[in-house]
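Work through the following exercises with the sequence and the model side by side. Each one sets a task and then solves it step by step.

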Amino acid sequence: MSGKVDRELRARASRVIPGGMYGHQSVGLLPPHAPQFFERAEGAYLWDVDGNRYIDFMCGYGPNLFGYCNEQVDAAYRKQMSQIDVATGPTPRMVELAEAFVAMVTHADWAMFCKNGTDASSMALLTARAYRGRKKVLMASGAYHGAAPWCTPIPAGTVEDDRAHFIYYQYNDVKSLEDAVAQAGDDLAAIFASPFKHDVFVDQELPDAAYARRARELCDEKDALLIVDDIRAGFRIERNCSWNHLGVQPDLSTWGKAIANGHPISALLGNERAKEAASHIYVTGSFWFAGAAMAASLETLRLIRETDYLERTIALGDRLRAGLASIANTCDLDLSQTGPSQMPLVMITNEEGNCDFDRSTAFVDGMLAGGVYFHPFHNMFVGAAMTEADIDRTLEVAETVMKKLPDPVAA
Ligand SMILES: Cc1ncc(COP(=O)(O)O)c(C=O)c1O
């Protein structure tokens with residue numbers, strides 16, 4: 001629950017920040033009664049400005065993979081900071097980081113670095129269109145690829161022309177993908193795909209191998225580029241691009257969030273086929289070549305290669321999922337838990353199987369009051385700094401809250 005200091009900050013923010021807050025931090029997109037402002041974060045925990053501690057299942061919406069203030073990553077960051085960060089040119093870390101990504105990600109022969117996920121997806125778009133000089137781009141309807149005019153989910157300030165050449169298909173639906181490709185005709189530049197369906201408000205879906213393979217084939221047939229948007233899921237599914245286990249390699253993949261454990265850097269990775277086109281697009285930013293985030297990313301990649309973080313987050317996610325299912329069962333509650341267990345979407349559902357927004361919100365209110373930061377309609381993240389004790393505490397709180405949940409409102 002939002003406390004006194006948080007409420008005061010919100011009031012001040014509403015005077016000097018449009019809307020009081022914006023983007024995914026705006027009031028309508030947060031868990032409705034969650035605090036907005038935080039003072040401290042360490043390991044798996046977050047403290048709000050009123051001093052309340054939470055086990056944080058949002059992990060900063062993804063960047064926290066190895067725990068907030070991870071000693072090794074932050075030491076690499078500080079060391080680089082003390083020598084050179086933003087300067088008139090990049091540091092050797094840039095080449096080392098590109099080499100590290102190329103060595104780890106099967107489809108990648110090169111890397112370019114930027115700051116936010118939206119930078120990377122916009123660069124992917126430019127590269128794909130520059131590749132054969134074509135316009136049409138396919139995206140799954142409801143998928144999030146960032147907040148630029150071509151992809152923002154909220155159209156205010158955009159014009160229809162921003163989306164004039166986008167065609168939408170249904171995730172995991174081969175027929176709708178084929179129809180969209182047919183509609184693009186000879187002008188198909190790219191197919192964007194999320195590694196799995198992780199849209200808000202609806203159940204998550206793992207990718208069908210047949211859909212992923214067909215996307216690859218169609219791009220090959222049409223000489224278009226396949227783009228996997230791994231910004232949210234990258235390195236949380238595998239130590240490689242998230243479609244690697246399906247045997248499908250994209251031409252381009254986009255990365256951000258966890259790749260430097262919270263330090264600001266994102267990346268576009270590509271194969272030989274896309275390299276020439278990528279070398280012609282003009283993309284840049286004052287902070288894109290900064291060395292310290294690159295040093296942090298190098299250390300994060302080392303931890304990804306050398307620790308069992310992935311197996312642990314999956315095991316913790318499984319423990320959480322099994323525990324929640326059992327409590328919901330005892331409480332006779334319809335709970336949908338979808339997606340990979342380490343990136344769970346947990347919603348209380350109604351008779352039709354859709355999100356019961358009021359009860360999901362009431363559930364999350366209770367979790368927040370019990371010191372667990374859950375989200376009622378966005379996927380969450382299990383972090384490698386969490387322990388079994390954190391999961392067990394979370395389940396204890398969940399049990400107390402589920403037992404007291406109000407009955408569904410009659411339709
Ligand atoms: C799948 C996906 N793509 C792109 C983005 C945009 O990344 P950023 O918010 O860093 O611009 C996000 C952010 O949540 C995302 O989840």
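Rings of Phe, Tyr and Trp (its six-membered ring) form a pair if their centres lie within 6.5 Å, and a pair counts as stacked with planes under 30 degrees apart, as edge-to-face over 60 and as tilted for the rest. The model is predicted, so local features need pLDDT of at least 70 and side-chain atom pairs count only at pLDDT 80 or more, whereas totals for chains, interfaces and linings use all residues. Residues are numbered from 1 along each chain as its sequence is written, and side-chain values use heavy atoms, with hydrogens and water left out.

**Exercise 1. Aromatic rings**

Task: Find which residues form one aromatic cluster, and classify the pair of rings of Trp150 and Phe166.

Solution: Begin with the cluster, which is formed by Phe101, Phe113, Phe235 and Trp255. One of these residues, Phe235, has its place in the loop between strand 8 and strand 9, where helices (H or I, at least four residues) and strands (E, at least two) are DSSP runs numbered from the N terminus. Phe235 is buried, with a relative accessible area of 0%; buried means under 20%, exposed over 50% and partly exposed in between, with a 1.4 Å probe and protein chains only.

Next, apply the pair rule to the model, which gives a count of 18 aromatic pairs. For Trp150 and Phe166 the ring centres are 5.7 Å apart and the planes are at 10°, so this pair is stacked. The pair links distant parts of the chain, 16 residues apart, since Trp150 is in the loop between strand 5 (136-140) and strand 6 (166-169), and Phe166 is in strand 6. Finally, check the surroundings of the two residues: Trp150 is buried at a relative accessible area of 9%, and Phe166 is buried at 8%.

**Exercise 2. Charges over rings**

Task: Decide over the face of which residue Arg40 lies, and do likewise for Arg132.

Solution: The rule is that a charge sits over a ring if NZ of Lys or CZ of Arg is within 6 Å of the ring centre and within 35 degrees of the ring normal. Arg40 lies over the face of Trp47, at 3.9 Å from the ring centre. Arg132 lies over the face of Tyr131, with a distance of 4.0 Å from the ring centre.

**Exercise 3. The ligand and its shell**

Task: List the residues around the ligand, and then describe how much of the ligand's accessible area the protein covers.

Solution: A residue is near a molecule or strand if one of its heavy atoms lies within 4 Å of it. Around the ligand this gives Asn116, Gly117, Thr118, Tyr144, His145, Gly146, His198, Asp229, Ile231, Arg232 and Lys257. To sort them by class, count Ala, Val, Leu, Ile, Met, Phe, Trp, Tyr, Cys and Pro as nonpolar, Asp, Glu, Lys and Arg as charged, and the others, Gly among them, as polar. The shell then has 2 nonpolar, 6 polar and 3 charged residues.

Now consider individual atoms. An oxygen atom of the ligand is 2.7 Å from a polar backbone atom of Gly117, and a nitrogen atom of the ligand is 2.7 Å from an N or O atom in the side chain of Asp229. For Lys257, an N or O atom in the side chain is 2.9 Å from an oxygen atom of the ligand. As for the area, the protein covers 86% of the 390 Å² that is accessible when the ligand is on its own, with accessible areas taken from the Shrake-Rupley method and a 1.4 Å probe; for residues, only the protein chains shown count as cover.

**Exercise 4. Backbone angles**

Task: Describe the phi of Lys257 and of Asp223, and place both residues in the chain.

Solution: As background, most residues other than glycine have a negative phi. Lys257, although not a glycine, has a positive phi of about 40°. Lys257 lies in the loop between strand 9 (252-255) and strand 10 (266-270), and is partly exposed, with a relative accessible area of 29%. Asp223 is likewise not a glycine and has a positive phi of about 55°. The place of Asp223 is in the loop between helix 6 and strand 8 (225-229), and at 23% relative accessibility Asp223 counts as partly exposed.

Methods
Polar contact = N/O pair within 3.5 Å; in protein donor to acceptor, adjacent residues only side chain to side chain.
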